Amino acid sequence: MRRTPALRDLRRETRLFPADFIHPIFVVEDRAAAGPVASMPGVTRYTIDQLDREIESIIGLGLRSLLVFGIPAAKSPTAYSAIAADSVVCRAVERIKKLTDRLVVITDVCLCSYTDHGHCGVVAGGAVDNDATLDLLGRTAVTHARAGADLVAPSGMMDGMVGAMRAALDEAGRLETGILSYAVKYASSFYGPFRDAAESTPAFGDRRSYQMDPANAAEALAEARLDIDEGADAIMVKPALPYLDVVRRVKDAFPDVSLAAYQVSGEYSCIKAAAAAGWLDERAVAMETLTAIKRAGADMIITYFAKSAAEWGKGVGSL
Ligand code: PBG
């Protein structure tokens, strides 16, 4: 069954499609901050008025979903620029929705790009105040929903974040806005390049008091269960490749819940750097990792390779 390409195609168990991918996009408020992200070759930070061309190209490639990250001009202890109705994320979503109704627009809901200390919640007495943060997450989610987001994606790993956001959305009459929860998010060192892109490196300490210990897998099931019970419409495991066992365990435990896996910035930049040095074949390695992530049980993949993968597979039924 491996002798010819056609036989191998017939035997193939896992196929990738452009519609499997969620394309992350960074939108900056400050014009001077736009441009390429040095630690993530091929990734660009756009201003709102640069979005149109990028969106056209995404649609042209057959991609269907976007994950929007906002980088505000002003940061503060209270993250006030996150909850504004005219925040950079809200304006980006409005712009995208005006341009097209063909894309699923997902917004990352976290405070780390908006706080001056870079933590994912408000800080009191040197530590993140979980419950004070929930109110801000709920308010932020409502502004994103009003701007037109299809799904809001809480990524801060605060306890009760899904329930708080669901309640806030319902109270605001946004019953149709869904929640894709970063339910199983590890305190990973693979997020380094992203923190350059999103300006979200914590000024003190680290995120280990709210993100998961990479040593734990059973705990992932507890995290997933909590978020499903609080009303998550889809859940996520993050990072992806170093955590394929977790992807598989979560899928097996909750087979009827949509599962996303996030191939994070460090996973991307490792491949890009090795390819630039001539040590790896970028296209072959990227496709192998994406196939592995889907094979492990992910229904959708957030990846910085989304555009490249769609491009590489152009004209082919599956990639
Ligand atoms: C914000 C957030 C992070 C990522 C997505 N949302 C960074 C972090 O938790 O430090 C990481 C994404 C990536 O590395 O590509 N909380």
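## Ligand contacts

In this predicted model, the side chain of serine 155 places an N or O atom 3.4 Å from a nitrogen atom of the ligand. Oxygen atoms of the ligand also have polar partners: a polar side-chain atom of lysine 185 lies 2.7 Å from one oxygen atom, and an N or O atom in the side chain of serine 265 is 2.7 Å from an oxygen atom of the ligand. Taken on its own, the ligand has 400 Å² of accessible area, and the protein covers 100% of that area.

## Ligand surroundings

The ligand is surrounded by 17 residues, of which Lys185, Arg195, Lys238, Ser265 and Tyr304 come nearest. Sorted by class, this shell contains nine nonpolar, five charged and three polar residues. The space that the ligand takes up is the largest cavity.

## Cysteines

A search of the whole structure for disulfides finds zero. Cysteine 90 is in no disulfide, and the nearest cysteine sulfur, which belongs to cysteine 110, is 15 Å away. With a relative accessibility of 0%, cysteine 90 counts as buried, because the term applies under 20% relative accessible area.

For cysteine 110, the closest cysteine sulfur is that of cysteine 120, at 3.6 Å. A disulfide requires the two sulfur atoms to be within 2.5 Å, so the sulfur of cysteine 120 is too far from that of cysteine 110 for a bond. Cysteine 110 is also buried, its relative accessible area being 5%.

Technical notes
Residues numbered from 1 in each chain as written. Predicted model: local features only at pLDDT ≥ 70, side-chain atom pairs only at ≥ 80, totals over all residues. Heavy atoms only, no water. Near = heavy atom within 4 Å. Polar contact = N/O pair within 3.5 Å; in protein donor to acceptor, adjacent residues only side chain to side chain. Areas by Shrake-Rupley, 256 points an atom, 1.4 Å probe, with all protein chains shown as cover. 1 Å grid on protein atoms, 1.4 Å probe; cavity = no way out; pocket = protein on both sides within 12 Å on 5 of 7 lines; lining within 4 Å. Sits in = over half its atoms within 2 Å of the grid points. Nonpolar A, V, L, I, M, F, W, Y, C, P; charged D, E, K, R; others polar. Buried < 20%, exposed > 50% of the residue type's maximum accessible area, 1.4 Å probe, protein only.
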